[in-house]
Amino acid sequence: MSLLDVRNLSLRVGANTLLKDVSFRVSRGEIFGLVGESGSGKSLTALSIMQLLPDGMHQSGTIALDGEMLSDLSEREMCKRRGRDVAMVFQEPMTALNPLHTIGQQVAESIELHSRVGRREALGKAADVLERVGLGHIPLTRYPHELSGGQRQRVVIALAIALRPKVLIADEPTTALDVTTQAGILDLLSKLVREDGMAMILITHDLAVVHDMADRVAIMEKGRVAETGVTSQVLKAPGQDYTRALIAASSHAPLRPPRDGTQVVMQARDVVRDYALPRRNPFSVRPTFRAVDHVKFELRKGENLGLVGESGSGKSTLTRALLGLEPVQGGSIELGGKLMDMDAARDLRRRIGIVFQDPFGSFNPRHTVARLVAEPFHLLDRRPSKAEQRAAVGEMLESVGLNATDMDRHIHAFSGGQRQRIAIARALIIRPEIVVLDEAVSALDVQVRAQILDLLAELSDRFDVSYLFVSHDLSVVRAITDRVLVMKDGAIVEQGDTAQVFAKPSHAYTRQLIDAVPKLPI
């Protein structure tokens with residue numbers, strides 16, 4: 001008998017059908033993958049199981065957990081099951097955690113609510129649970145903002161498994177994590193399933209993760225299950241065109257002509273960035289932390305250069321220094337043969353564009369797309385007129401695959417992939433020589449990611465722009481870059497042609513990163 005049985009689950013909002021006859025079963029000790037593009041219905045399926053749907057949605061079909069119909073329970077009755085019988089690990093840990101409470105308080109709260117134990121006993125059990133997820137060395141008094149991304153995700157997992165639920169739903173649990181942290185989180189989830197005999201639903205757009213983790217998989221398309229079966233069989237011999245398209249997009253590499261340019265547009269020479277730390281006492285020497293340690297590299301005209309490394313390796317600090325947003329304590333950064341310094345930052349910054357990881361967070365939601373894309377015009381000596389700006393914005397929107405009429409809409413009206421196209425348009429609007437892409441495709445599903453990579457390759461050739469890809473996603477770096485820099489503890493430990501570095505890495509850290517990347521059997 002299956003532990004979780006979902007039959008003919010449908011979901012409507014007014015006349016719109018969001019889920020249609022979704023059916024699958026999950027057994028004890030099984031990891032079940034739920035895969036599809038953004039908007040395919042994966043998260044809505046999870047929220048239906050948890051009975052956490054927004055008001056106004058009409059659900060039909062049945063959801064049974066260990067023989068009990070969850071779909072028939074009242075909200076009061078479901079509150080007793082959430083956490084105890086079925087629990088969920090959400091995608092963004094900082095959103096799931098309360099920033100005002102310590103991690104010990106938050107894990108203990110769940111135990112108190114369901115176990116009816118005192119605060120002292122609940123805190124003791126919370127310490128045991130946090131140790132189980134690999135955080136035994138972290139004090140219970142720490143707050144979420146004091147932890148790294150991987151540690152925060154482990155706290156969210158601790159919250160979910162504190163009462164050893166029968167079913168654990170993990171919704172994109174590793175999307176924003178670097179490859180080694182991702183591997184650690186996935187190993188932890190597999191271990192918990194084995195030890196507790198629980199069932200797990202793993203929701204992701206990463207087919208390689210599903211291949212490594214899931215026993216069976218369901219491929220979702222437009223609110224329905226397009227294909228389901230044993231994971232290895234579905235991925236090796238897909239029966240549906242949609243599944244084949246997802247697999248092809250997962251390993252997609254844009255076609256780019258070989259680059260043999262020699263003109264250097266940016267050069268870093270022994271760059272050092274130190275941060276002052278708090279004094280141990282008022283009379284002690286102020287200690288420093290070296291975030292960037294004598295980094296040297298060059299970026300050539302029209303080249304795609306990758307910068308990879310774990311969280312905390314120094315990538316973001318180096319990027320801020322390259323953009324002229326932070327001073328350096330040693331070395332120099334040259335842009336087009338001129339020294340980049342804080343006094344001349346405005347003059348030089350117009351030659352560098354930036355595309356951030358979260359396009360929605362980098363835009364003012366109150367402004368129209370026309371105003372958002374036109375923001376870099378203030379860096380020019382002569383700011384174009386309103387009419388000239390609108391003409392330039394319309395032309396650039398069409399260059400990135402959107403319509404000129406989109407400029408009068410607001411950013412909330414666009415999908416994630418469209419927002420990223422708008423971010424690229426803003427970065428290129430004043431024709432910079434260099435564009436820095438900071439995790440620009442890490443949150444996108446595989447098909448949208450393939451489209452954005454193709455777009456970036458096309459724009460690179462059209463505008464002869466150089467890219468610096470800052471990413472923890474080695475598959476993206478391998479697909480799009482000509483050369484790669486590997487960063488660890490603030491230093492560049494390896495650099496060279498991308499294909500050569502990935503084929504024969506010379507540094508142990510590079511080999512560790514490459515080995516941690518999930519791979520599809522193709």
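This text walks through a predicted model, from the whole chain down to single residues.

Start with the overall dimensions. The chain has 522 residues, and a compact globule with that many would have a radius of gyration near 24 Å. The chain has 25 Å, which agrees with that expectation. Along the principal axes, the C-alpha atoms fill a box of roughly 70 × 65 × 45 Å. Secondary structure comes as 19 helices and 20 strands.

Next, the packing. Buried residues account for 52% of the 522 in the chain. Take the contacts with a sequence separation of 6 or more: 69% of them join residues 24 or more positions apart. The surface can be described just as briefly. About 23,800 Å² of the chain is exposed, and carbon and sulfur atoms supply 48% of that area.

Now the charges. The chain carries 65 positive and 64 negative side chains. The centres of the two sets lie 3 Å apart. How many salt bridges does a search of the whole structure find? The search returns 34. Three of these pairs deserve a look.

Begin with R216 and E30. Their closest N and O atoms are 2.6 Å apart, and the pair forms a salt bridge. R216 sits in strand β9, residues 216-221. E30 sits in the loop between β2 (16-26) and β3 (31-36). The two are 186 residues apart, so this salt bridge links distant parts of the chain. Are the partners buried or exposed? R216 has a relative accessibility of 23%, so the residue counts as partly exposed. E30 has 9%, which is under the 20% cut-off, so E30 is buried.

R84 and D85 make another salt bridge, with N and O 3.1 Å apart. Here too the two partners fall into separate accessibility classes. R84 is partly exposed, at 36% relative accessible area. D85 counts as buried, at 10%.

The third pair is R132 and E195. Their side chains meet in a salt bridge at 3.1 Å, N to O. R132 belongs to helix α5 (residues 119-132), while E195 belongs to helix α7 (residues 179-196). The salt bridge therefore ties together parts that are 63 residues apart in sequence. E195 counts as partly exposed, with 45% relative accessibility. This pair is also part of a wider arrangement. Salt bridges with shared partners join R132, R164, E195 and D196 into one network.

Leave the salt bridges and turn to two residues inside helices. Q420 lies in helix α15, which spans residues 416-428. Its relative accessible area is 2%, so Q420 is buried. What does Q420 touch, once residues up to four places away in sequence are set aside? The list is V355, F356, Q357, P359, A440, V441, L444 and I452.

Y242 is found in helix α10, residues 241-250. At 9% relative accessibility, Y242 also counts as buried. Neighbours within four places in sequence again left aside, Y242 is in contact with G36, E37, I219, M220, E221 and Q447. Among these, I219, M220 and E221 fall within the residue range of strand β9. That is the strand that holds R216. Y242 and E227 give a distance to check in the viewer. They are 15 residues apart in sequence, and their C-alpha atoms are 9.0 Å apart in space.

Finally, the backbone. Most residues other than glycine have a negative phi. Two residues in this model are worth inspecting on that account. D66 has a phi near 55°, a positive value in a residue other than glycine. D66 lies in the loop between β4 (58-65) and β5 (68-69). Its relative accessible area is 31%, so D66 is partly exposed.

E172 also has a positive phi, of about 50°, although it is not a glycine. Where does E172 lie? Its place is in the loop between β7 (167-171) and α7. Helix α7 is the one that carries E195. E172 has 9% relative accessibility, so it counts as buried.

Note on methods
Residues numbered from 1 in each chain as written. Predicted model: local features only at pLDDT ≥ 70, side-chain atom pairs only at ≥ 80, totals over all residues. Heavy atoms only, no water. Salt bridge = Lys/Arg side-chain N within 4 Å of Asp/Glu carboxyl O. Helix = DSSP H or I, 4+ residues; strand = E, 2+ residues; numbered from the N terminus. Buried < 20%, exposed > 50% of the residue type's maximum accessible area, 1.4 Å probe, protein only. Rg over C-alpha atoms; globule rule 2.2 N^0.38 Å. Contact = heavy atoms within 4.5 Å. Areas by Shrake-Rupley, 256 points an atom, 1.4 Å probe, with all protein chains shown as cover. Lys, Arg positive; Asp, Glu negative; His and termini not counted. Charge placed at Lys NZ, Arg CZ, Asp CG, Glu CD.
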